[in-house]
Amino acid sequence: MKEIRNIIENLYELLDDNKESNKSIEFNSLVVNVLDKLCNEVEALQVNQEALEESISFLNEDISEIQEDLFEEVSIEDLEAYEDEYVEVTCNHCKKTIFIETQAINNNEIIPCPYCSENIVI
Ligand SMILES: [Zn+2]
C-alpha cells in the first residue's frame, strides 16, 4: 500500500505540473500503474478474507462441539451439588453480595470482601 501512496503523491505533483506543461503520458501511465497495484492489493485481501472466513467456520464448528459436550456432562444433580458448595453472603460493611465456598467460611474466621476489603464473615 505504501507503494500505491507514493504513486498517488506523484500523480498529485503531476496534476500541479500539468497547469504549465503537458505530461499527460507520464500521468496516464501512473494512473494505470496505481490501478493495477490497487487491483493486486484487493485480490490479496480477498484471498486473505476467504481464508479467514474458512477458519472462522471451522472455529464455529469446534465451539458447537465443545458446547454440546459441556451441556451433556453437566447434569441437574451436578448443578445442585455445585450450589451446595457455595453460599450467598452479604457483606455487612458494603452490603454487596458474593458467593463463597461453604468450606472456606467454615475454615476461616477472616475472609476479606472483594468489594470493600473488610472482613465479610462478621
Ligand atoms: Zn464489603
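1. K95 sits in the loop between strand 1 and strand 2; helices (H or I, at least four residues) and strands (E, at least two) are DSSP runs, numbered from the N terminus. K95 is not a glycine, yet its phi is positive, about 65°. The residue is exposed, with a relative accessible area of 57%, where exposed means over 50%, buried under 20% and partly exposed in between (1.4 Å probe, protein chains only).

2. On the basis of the model: it is predicted, local features need pLDDT of at least 70, side-chain atom pairs count only at pLDDT 80 or more, and totals for chains, interfaces and linings use all residues. Residues are numbered from 1 along each chain as its sequence is written, and side-chain values use heavy atoms, with hydrogens and water left out.

3. On confidence: pLDDT is the predictor's confidence in each residue, from 0 to 100. The protein chain has a mean pLDDT of 85, and 93% of its residues reach 70 or more. Among its elements, strand 2 has the highest mean, 90, and helix 3 (residues 76-85) the lowest, 76. Where pLDDT is low, the predicted coordinates should not be read in detail.

4. Strand 1 and strand 2 form a hairpin with six residues between them, and K95 belongs to the turn. The two strands are antiparallel and share five bridges; pairing requires that DSSP finds at least two bridges between two strands. One of the bridges joins T90 to T97 in strand 2.

5. In a regular strand the side chains alternate between the two faces of the sheet. Strand 2 shows this alternation: I98 and I100 point to one face and are buried, whereas T97, F99 and E101 point to the other and are not buried.

6. Which residues coordinate the zinc ion? The ligands are C91, C94, C113 and C116, each through SG, at 2.2 to 2.3 Å. Donors are N, O and S atoms within 2.8 Å of the metal (3.2 Å for Na, K and Ca); water is not among the atoms, so sites may look incomplete. The angles among the four donor atoms run from 106 to 114°, and the site is tetrahedral, a label given to four donors if all angles lie between 85 and 135 degrees.

7. Along the chain the zinc donors are spaced C-x2-C-x18-C-x2-C. C94 lies in the loop between strand 1 (86-90) and strand 2 (97-101), and C113 in the segment after helix 4 (102-107), so this pair ties together parts that are 19 residues apart in sequence. C94 is partly exposed at 26% relative accessibility, while C113 is buried at 2%.

8. The segment after helix 4 also holds P112 and S117. P112 is exposed at 53% relative accessibility; from P112 to C91 the C-alpha distance is 9.5 Å, with their positions 21 residues apart in sequence. S117 is exposed too, at 58%, and has a positive phi of about 70° although it is not a glycine.

9. UniProt, in an unreviewed entry, places a "coiled-coil region" at residues 35-69; its positions are given in the numbering used here, feature names are shortened, and annotations may be inferred rather than shown by experiment. In the model this span is 100% helix and 0% strand, and its end C-alpha atoms lie 51 Å apart.

10. The domain assignment gives domain 1 (2-73) and domain 2 (75-122), with bounds that come from an automatic or database assignment. The C-alpha centres of the two domains are 54 Å apart.

Key. Four donors count as tetrahedral if all angles lie between 85 and 135 degrees; four count as square planar and six as octahedral if opposite donors are over 155 degrees apart and all others between 65 and 115; anything else is irregular.
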